[in-house]
Amino acid sequence: MAVTMGTSWVESANDGDTDFPLQNLPLGIFSTADLDRRVGVAIGDYVLDLHSCFEQGLLGSPSASLLKAYTSHTLNILMSGGRKAVKPLRARLKEMLSAEAASELRDEVEKLLHSSSEVTMHLPAEIGDYTDFYASLYHATNVGRLFRPDNPLLPNYKYIPIGYHGRASSIVLSGAQIKRPRGQMKAPDAEHPVFATSRLLDYELEAGFFISEGNQLGTDIPLDKAEAHIFGLCLVNDWSARDMQAWEYQPLGPFLAKNFATTISPWVVTMEALEPFRVPAFERSAYDPQPLPYLDSTSNSQQGGIDLTLEVWLSSQRMREAKLEPVRLSKGNARDLYWTLAQMLTHHASNGCNLRPGDLLASGTVSGPSRESVGCLLEMTRRGAEPIELPGGEQRRFLEDGDEIILRGYCQREGYPRIGFGECRGTIVPAS
Ligand code: MN
């Protein structure tokens, strides 16, 4: 009994290294040569067509709202149903894909599987708004020290989950090429700025989360209800032009240094799948202030964190030509974030700002306390002062044309199958 419990008849879903075992079931939007964009779920090396499952009556009795959700070209409608819609869907998918499924059911479902290598993934949602936070104390301190050595952390940091409104229109899916931006910048010793090609191009390793049910304009979302408004997570690479950023960021924060492109991974890992990997929120030092009451609760402190390992890998053009494998640059963990996802969400809505299904909020660069766990090159090379060595002998201060950045994320815990996020890839191409 224990042997088959939790395993799938899709053999590749039982491989210990797969990102997509039966316990994960992340949702996304895919198409094939013959099928238009549609809702799918990843299982092992396959994608199950939920649109067709629904049409064939495999997902329960058809209601008007489910029809809209499962035949849509984005996940927005499914997301708007809130977390309560996800639980029964996951339960049914587990039945359908379990090693214990009846053979007739299995035969029906098997026809609706597509090999991952034969599908094209698309953005999971139509993202109306995108907000990026700055939730890692380590990142904020490291970056602050580079720009303001005497005063790295501004006085608001431990009170407010700092964020800025990003740009939804330039969010692209994993695999899209990233054109090196041009913009205004000023060297510290130069008298005047110039408009030029960015040379200090960087990645930022982040976790993103999609809003499920939104809130009405003028209403807030209390902290202990915040997670009910989070549908699931993806990986985010917040590409950043540091030379443009240094010149433009004061006084209103990031603008063109960030909004030329943001890459996300295609699969949305639901909060339900992440349940076994919840951990206490970041433990504040005894010298730190407690969060203000609207950002503080026992359940947030006890289980607001997520034990999610996040890695950055790099493959340069020369490495690929020399047939060298990508190299891992860093390995961090989302549990090192100073603010929880719930605190970021509650703060965002605390003034009555309405969040809508499919909106994307991102954590900001996930950095840990060690040099091996920092989530961008700005920190790792100390703004270029300490370049890193790549296999094959190249050095990197910042990204070069042809560099591919690969983000990976996964959760593992003794006694539970490992679940993963898939990959978030992007390759830098020259400015035109
Ligand atoms: Mn960022």
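Two strands pair if DSSP finds at least two bridges between them. The views below come from a predicted model.

**View 1. Strands 13 and 14 pair in the antiparallel sense.** Strand 13 covers residues 205-211. Strand 14 covers residues 230-237. Seven bridges link strand 13 to strand 14. One bridge partner to pick out is L235 in strand 14, which stands with A207. Strand 14 is mostly covered. Eight of the eight residues in strand 14 are buried.

**View 2. Strand 14 also pairs with strand 16 and strand 17.** Strand 16 spans residues 262-264. Strand 14 and strand 16 run antiparallel, with two bridges between them. Here N237 has T263 of strand 16 as its bridge partner. Strand 17 is made of residues 269-270. Strand 17 and strand 14 are again antiparallel, and two bridges join them. L233 has V269 of strand 17 as its bridge partner.

**View 3. Four acidic side chains coordinate the manganese ion.** The donor residues are D132, E204, E206 and D238. D132 and D238 donate through OD atoms. E204 and E206 donate through OE atoms. The coordination distances run from 2.1 to 2.3 Å. Along the sequence, the donor spacing reads D-x71-E-x1-E-x31-D. Water is not among the atoms, so the site may look incomplete.

**View 4. Two of the manganese donors, E204 and E206, are buried.** Which relative accessible area does E204 have? The value is 4% for E204. For E206, the relative accessible area is 0%. Buried means under 20% relative accessible area. E204, at 4%, therefore counts as buried. E206, at 0%, therefore counts as buried too.

**View 5. Five strands form an open sheet with mixed pairing.** The strand order is 9-26-25-20-21. Strand 9 (177-179) and strand 21 (327-333) are the edge strands. Each edge strand pairs on one side only. Neighbouring strands of this sheet are turned by 25° against each other on average, direction ignored.

**View 6. Strands 25 and 26 of the open sheet pair in the antiparallel sense.** Strand 25 holds residues 404-413. Strand 26 holds residues 416-429. Eight bridges connect strand 25 and strand 26. To find the register, start at I405: G426 in strand 26 stands opposite I405. In the sheet order 9-26-25-20-21, strand 26 sits between strands 9 and 25.

Definitions and conventions
Residues are numbered from 1 along each chain as its sequence is written. This is a predicted model: local features need pLDDT of at least 70, side-chain atom pairs count only at pLDDT 80 or more; totals for chains, interfaces and linings use all residues. Side-chain values use heavy atoms; hydrogens and water are left out. Donors are N, O and S atoms within 2.8 Å of the metal (3.2 Å for Na, K and Ca); water is not among the atoms, so sites may look incomplete. Buried means under 20% relative accessible area, exposed over 50%, partly exposed in between (1.4 Å probe, protein chains only). Helices (H or I, at least four residues) and strands (E, at least two) are DSSP runs, numbered from the N terminus. Axes are lines fitted to C-alpha atoms, for helices over the stretch in contact, and angles run from 0 to 180 degrees between N-to-C directions.
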